[in-house]
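Me: Could you take a close look at one part of this model for me? I'd like to hear about the salt bridges, and about a helix that sits by some of them.

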Amino acid sequence: MHGIVYWQTNQGCHWINSGNQRVFEPKVVSHLITWEDGRCSTDFLSCLPQPLSHLNIASGFGCATIFWHLKYRPEFLEQYDAAGTIQDYVVSMLCGLQRPLMSVQNAASWGYFNTKFKTWNTDLLQECGFPVYLLPQILDAGCIAGKTSYEWCGIPQGTEVGVALGDFQCAVYSSAAERTDAVLNVSTSAQLTFSMPEGFQPEDHPSPAEAVTYFPYFEGQYLAVAASLNGGNVFASFVAMLAQWMAVLGLETSDSNIYTRVINAALLVNETHFTIRPTLFGERHAPESFASVSNVTSTELSLGHVTRAMCRGIIENLHSMLPAHRLKESGIKRIIGTGSALARNAVLKQELERIFPFPVVYRKDIDSALGAAMIMVKQ
């Protein structure tokens, strides 16, 4: 959702025969720049114009990346006349679109988009010299973008293709069976979300320090989202650090072996005063709030204590962004737990159930592709 790909109209791909199938390969296309891109520093973002939107801009957002290229590599932009998320690129190539189409969901994730009026901040951007010709045309989520120009991977030519949807919204759609469900996902990053009541409209200009943002969902509704940059990536960094330490000590082992052993060690520790604030990658609402360790005592230096504190910190960080009392006030009655990092980590599950006083149901079948299929079938 928050990434960007640039390409040249009519030269975005070329179609080839691969075995018994027709497939397309990129042609005049940039590399994908993902939401993890960090080149837009806090200082750089502070120099950008304030969006006319309820969503603040952050590093990795499509429009922020375009602004960065405009300032530091304008010659790079001259190669391309179209842009979109990676999903929008695929839809454009499948349908042979002259101008890319983008859903309200993906547009909101790019910044400088007003979800109430479903328009880009065109006048504001033009005043800054922004190349507005790169901005896709907007469609509502669930609309048809076009039809396949060729047979593709066994899908017949002329098959209708929906406009690309937000991967986060689709994942939630595939999981939240009831309006009283909240969804907590811990994968590379982490998100805690629930759907707002019908008719809800977010404030026009939220505080930059507000941890909860509102993503456009389906049928005019919004999701309240605590979107943390720190999830499974923090635990992966912890495991990588241990592997490096062991290599220095002359002991080689695999990351997967370390992962299993540290989880098992933490399962033997029920309580710890050891405190880890795990914001290793900052947060969008607090970009300069980095990780810290406190309450260290000589009796709690075991690997189990440290691992338990790490898992607790990941969940407590989400709780600080979207507390349990706020979920209760919004009518939430249970939490759907999902994500690869949560599925693999029994200690994370224990901490989730300890910190959030709700029944938790764990699901493995939550999937963005499934959610996209479900919403298009419904439409």
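Reply: Let's settle one term up front: a residue is buried under 20% relative accessible area, exposed over 50%, and partly exposed in between. By that yardstick Glu210, at 34% relative accessibility, is partly exposed. Bear in mind that this is a predicted model.

Glu210 is a handy place to start. Its side chain meets that of Arg326 in a salt bridge, 3.9 Å from N to O. Glu210 sits in the loop between strand 12 and strand 13, while Arg326 belongs to helix 11 (residues 324-329), so the pair ties together parts that are 116 residues apart in sequence. Arg326 comes out at 24% relative accessibility, so this residue is partly exposed as well.

The loop that holds Glu210 has another salt bridge to show. Asp204 pairs with Lys116 at 3.8 Å, N to O. This one also links distant parts of the chain: Asp204 is in the loop between strand 12 (190-195) and strand 13 (212-216), Lys116 is in the loop between strand 6 (113-114) and strand 7 (119-120), and 88 residues separate them. Lys116 is partly exposed at 43% relative accessibility, and Asp204 is partly exposed too, with a relative accessible area of 45%.

Now for the pair by the helix. Arg312 and Glu271 meet in a salt bridge at 2.7 Å, N to O. Arg312 is in helix 10 and Glu271 in the loop between helix 9 and strand 15 (275-277), 41 residues apart. At 8% relative accessibility Arg312 counts as buried, whereas Glu271, at 44%, is partly exposed. The pair doesn't stand alone: salt bridges with shared partners join Glu271, Arg308, Arg312, Glu316, Glu351 and Arg354 into one network. The full tally is twelve salt bridges.

That brings us to helix 9 itself. Its 13 residues (255-267) should span 18 Å at 1.5 Å a residue, and the end C-alpha atoms are indeed 18 Å apart. Its buried residues are Ile258, Tyr259, Val262, Ile263 and Ala266. Seen down the axis of helix 9, they fall within an arc of 125 degrees, so they line one face of the helix. The background is simple: an α-helix has 3.6 residues a turn, so residues three or four places apart point the same way. As for what that face meets, the buried residues of helix 9 pack against helix 8 (232-248), helix 10 (303-321), helix 12 (340-344) and helix 13 (346-355). Helix 10 is thus a familiar name here, since Arg312 lies in it.

Methods. Residues are numbered from 1 along each chain as its sequence is written. This is a predicted model: local features need pLDDT of at least 70, side-chain atom pairs count only at pLDDT 80 or more; totals for chains, interfaces and linings use all residues. Side-chain values use heavy atoms; hydrogens and water are left out. Helices (H or I, at least four residues) and strands (E, at least two) are DSSP runs, numbered from the N terminus. The expected span of a helix is 1.5 Å times one less than its number of residues. Buried means under 20% relative accessible area, exposed over 50%, partly exposed in between (1.4 Å probe, protein chains only). The arc is that of the directions from the helix axis to the C-beta atoms. Contact means heavy atoms within 4.5 Å. A salt bridge is a side-chain nitrogen of Lys or Arg within 4 Å of a carboxyl oxygen of Asp or Glu.
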